[in-house]
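Trainee: Could we go through this model together? I would like to know what stands behind each label we put on it.
Mentor: Gladly; ask away once it is on the screen.

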Protein chains: 2
Amino acid sequence: MMKEYNVAILGATGAVGMRMVDQLANSTVPVKSLKLLASAHSAGKQMEFKGEKITVEETTNDSFDNVDLVLASAGGAASKKFLPEAVKRGAVCVDNTSAFRMDPEVPLVVPEVNPEQLKNHKGIIANPNCSTIQMVVALAPVFKKYGLKQVIVSTYQAASGAGQSALNEFYQQAKDYLDGKQMSADILPTAGDKKHYPLAFNLLPQIDVFEDEGYTHEEWKMIHETKKIMLNDMNATDLKVTATCVRVPVPISHGESVYFEVEDKNASADDIKKTISDAAGVTLQDDPDHQVYPQPLNAEGKRETFAGRIRPDQENKGCFNMWVVADNLLKGAAWNTVENAERLVDEDLVRVPKDHYQG
Amino acid sequence: MMKEYNVAILGATGAVGMRMVDQLANSTVPVKSLKLLASAHSAGKQMEFKGEKITVEETTNDSFDNVDLVLASAGGAASKKFLPEAVKRGAVCVDNTSAFRMDPEVPLVVPEVNPEQLKNHKGIIANPNCSTIQMVVALAPVFKKYGLKQVIVSTYQAASGAGQSALNEFYQQAKDYLDGKQMSADILPTAGDKKHYPLAFNLLPQIDVFEDEGYTHEEWKMIHETKKIMLNDMNATDLKVTATCVRVPVPISHGESVYFEVEDKNASADDIKKTISDAAGVTLQDDPDHQVYPQPLNAEGKRETFAGRIRPDQENKGCFNMWVVADNLLKGAAWNTVENAERLVDEDLVRVPKDHYQG
């Protein structure tokens, strides 16, 4: 008889959480029961899973009794508070927040890139940041075949990356602007900072708060997470990464302009295209003659990452420009989480080891 | 007595032309008379200049009789057709189209960067592409002080860069999207290509048509124009440039994520900031502690270029990330044209030489 799992989704009512419910319903994970957990504020709401109505419950430590698998996207603070408790109770957690990503005891996994890390989990597996995921999905096959020395990325990130309330604020701003009204901003660019600016019809070169050396937390995340994912698993000795992260007035799907240098200086743009087109999880959309290239409106609702506009830097052999787009709420969050869960199930890894994560 | 000039604006009714009229009214150019020229379709319209109503006339070769100075922004075909005729009749032309930019007989001038080229004109001075202008305004002081080896730029370009009708189409798309209607596209990404896609709430990694090696015409423009402007005048032997140009759902003002490498490896981010802050035409907006950085909504209507988010690449000495914003219709077009005209007047260069441009 097929093994079935008691699953809990932490943060089920958020922009990502709602999509986790949907992605789980359309996954190969055999679900025996599903608990939908959120804050007291959202408790009592009803959501649907495979035609069945489920009432959202307030999260407590005891919520995780008898749970086998937790998918979490309720913010870093909630993950830090509840996931070690869930692990203690025997649940394996796939966490979409930044709480544990850089913890050396926690594998940071994109199934197309470093699935072999899953077996090292001690109860918690982390999902990378949305902007990191789509970039490594496109770059990993290139890295594996031609080596990768350096990445310089500029992002074009959608409003929904800042959460459902930021997305609502963005839509309201757009309406107000078109009605000739003053736009107001209380959340964007980030709820965690003092000043707020309109995103509609604007560009905000700030995602998350500012940290060392003038870089934002989002930019550091892209730098450090990319290295953790790529270097742990591909025997590379070094990979240089730098990033500029910009919020753009798009609701869903991030764009990224990725400049990269490979080690094999004989690799051509056609080689890169072929390698990406053969890889799992990434679809090549690269046909200038027919104006085919990745666009956010086309990527929305899709699980895969789209890559195109692959061109050689004419003056630096082995260097290329590329344009990458993916649905930040699906591959960048909900789907990557559920995909990790599918792999855990496939490899019979939904079990907490004795030397489990203690925090 | 102060010399006064008979001025003509070619393409006066367009998004840039209208702004040329306004920028000229607020310039130091002494205007004796002003002719507003356009296509037959726009002839008969009335426009205001310094409180005076002027009727737009259809452009013919004879329109340029007795004209001293032409400011042109009616498209490359109109410039190619009319400007050599204007020069023949003794008019000096500042051309905002791409018609003559790469012509070795035509100086390509940004007054803050290479004003010394103006004296070499043979009747025509070209204005660079909007995305090139704001980048070289920010980079030129750095180039002059620390040398520049390489530039990797990703642009975030506003809808108005494709013209007034593209801007109108973009607004209509935004309204339709918010009203839950299907968006339609007949112009964007570029009127000159076959397929058209909505820009509202989307990103289009195509500006102008596709050319060699998978690069668009806009990308080649940035590469070639930057070299022509920077290398002719600064005794540099080489400067590598590569570009990815993306249209974003913003009405006015382009953003640019500019990665650059200087020759002087001891230059710090503070050195770069100080150099830019001391330079003409560029305003430093770089204060992460107070969330100060360039934004399109703030740049709209301003003549200067704004630079910020200047950070060192942590793993490559002498390499930096920077974010640059300017009003593409003003510094990127109308104001740069009028500023060139001001300089021509100041240096008494509004005269066509005997060995003038023949085409």
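What follows is a conversation about the labels used for this structure and the values behind them.

Mentor: Keep in mind from the start that this is a predicted model.

Trainee: Which residues does UniProt mark as "active site"?
Mentor: The unreviewed UniProt entry places that feature at Cys130(A) and His254(A). Such annotations may be inferred rather than shown by experiment.

Trainee: How do you know that these residues gather at one spot?
Mentor: They span 125 residues in sequence, yet no two of their C-alpha atoms are more than 8.4 Å apart, so they come together at one spot. Of the two, Cys130(A) is included in the lining of the second largest pocket.

Trainee: Is Cys130(A) buried or exposed, and what makes it so?
Mentor: Its relative accessibility is 12%, and buried means under 20%. Cys130(A) therefore counts as buried. It lies in helix H3, residues 130–146 of chain A.

Trainee: And why is His254(A) called buried?
Mentor: The same cut-off of under 20% applies, and His254(A) has a relative accessible area of 0%, so it is buried. His254(A) belongs to strand E11, which covers residues 254–262 of chain A.

Trainee: What makes Cys130(A) and His254(A) a contact?
Mentor: Contact means heavy atoms within 4.5 Å, and His254(A) is listed among the contacts of Cys130(A), together with Gln157(A), Glu218(A), Asn328(A) and Gly332(A), once neighbours within four places in sequence are set aside. On the other side, the contacts of His254(A) include Tyr156(A), Gln157(A), Arg247(A) and Asn328(A).

Trainee: How do you know that His254(A) has a polar contact with Ala158(A)?
Mentor: The side chain of His254(A) reaches the backbone nitrogen of Ala158(A) at 2.9 Å, and the cut-off is within 3.5 Å. The pair therefore qualifies as a polar contact.

Trainee: Which residues carry the "binding site" feature?
Mentor: UniProt, again in an unreviewed entry, places it at Thr13(A), Gly14(A), Ala15(A), Val16(A), Ser160(A), Gly161(A) and Asn328(A). The lining of the second largest pocket includes Thr13(A), Gly14(A), Ala15(A), Val16(A), Ser160(A), Gly161(A) and Asn328(A).

Trainee: Why is Ser160(A) called buried?
Mentor: Its relative accessible area is 3%, set against a limit of under 20%, so Ser160(A) is buried. Ser160(A) sits in the loop between strand E9 (148–157) and helix H4 (164–178) of chain A. A polar atom of its side chain lies 2.7 Å from the backbone oxygen of Pro251(A).

Trainee: Then what makes Gly161(A) partly exposed?
Mentor: Gly161(A) is found in the loop between E9 and H4 of chain A. Its relative accessible area is 36%; buried is under 20% and exposed is over 50%, with partly exposed in between. Gly161(A) is therefore partly exposed. Beyond four places in sequence, Gly161(A) touches Arg247(A), His254(A) and Asn328(A).

Trainee: Which residues have the most contacts inside the largest nonpolar core?
Mentor: They are Val70(A), Val151(A), Phe260(A), Ile272(A) and Met322(A), in a core of 61 residues. H3(A) gives the most to this core, with 10 residues.

Trainee: How do you know that this core lies between domain 1 and domain 2 of chain A?
Mentor: Domain 1 (5–99 + 334–346) and domain 2 (132–328) both give residues to the core, so it lies between them. The centres of these domains of chain A, taken over C-alpha atoms, are 27 Å apart. Contacts join 9 residues of domain 1 of chain A to 5 residues of domain 2 of chain A.

Trainee: Last one: is Thr242(B) buried or exposed, and what makes it so?
Mentor: Thr242(B) has 1% relative accessibility, and the limit for buried is under 20%, so Thr242(B) counts as buried. Thr242(B) lies in strand E10, residues 240–247 of chain B.

Trainee: With which side chains does Thr242(B) make polar contacts?
Mentor: Its side chain makes a polar contact of 2.9 Å with the side chain of Asn321(A), and another, at 3.2 Å, with that of Tyr215(B).

Terms used: Residues numbered from 1 in each chain as written. Chains lettered and ligands numbered in written order. Predicted model: local features only at pLDDT ≥ 70, side-chain atom pairs only at ≥ 80, totals over all residues. Heavy atoms only, no water. 1 Å grid on protein atoms, 1.4 Å probe; cavity = no way out; pocket = protein on both sides within 12 Å on 5 of 7 lines; lining within 4 Å. Helix = DSSP H or I, 4+ residues; strand = E, 2+ residues; numbered from the N terminus. Buried < 20%, exposed > 50% of the residue type's maximum accessible area, 1.4 Å probe, protein only. Polar contact = N/O pair within 3.5 Å; in protein donor to acceptor, adjacent residues only side chain to side chain. Core = buried A, V, L, I, M, F, W, Y, C linked by side-chain atoms within 4.5 Å. Domains from an automatic or database assignment.
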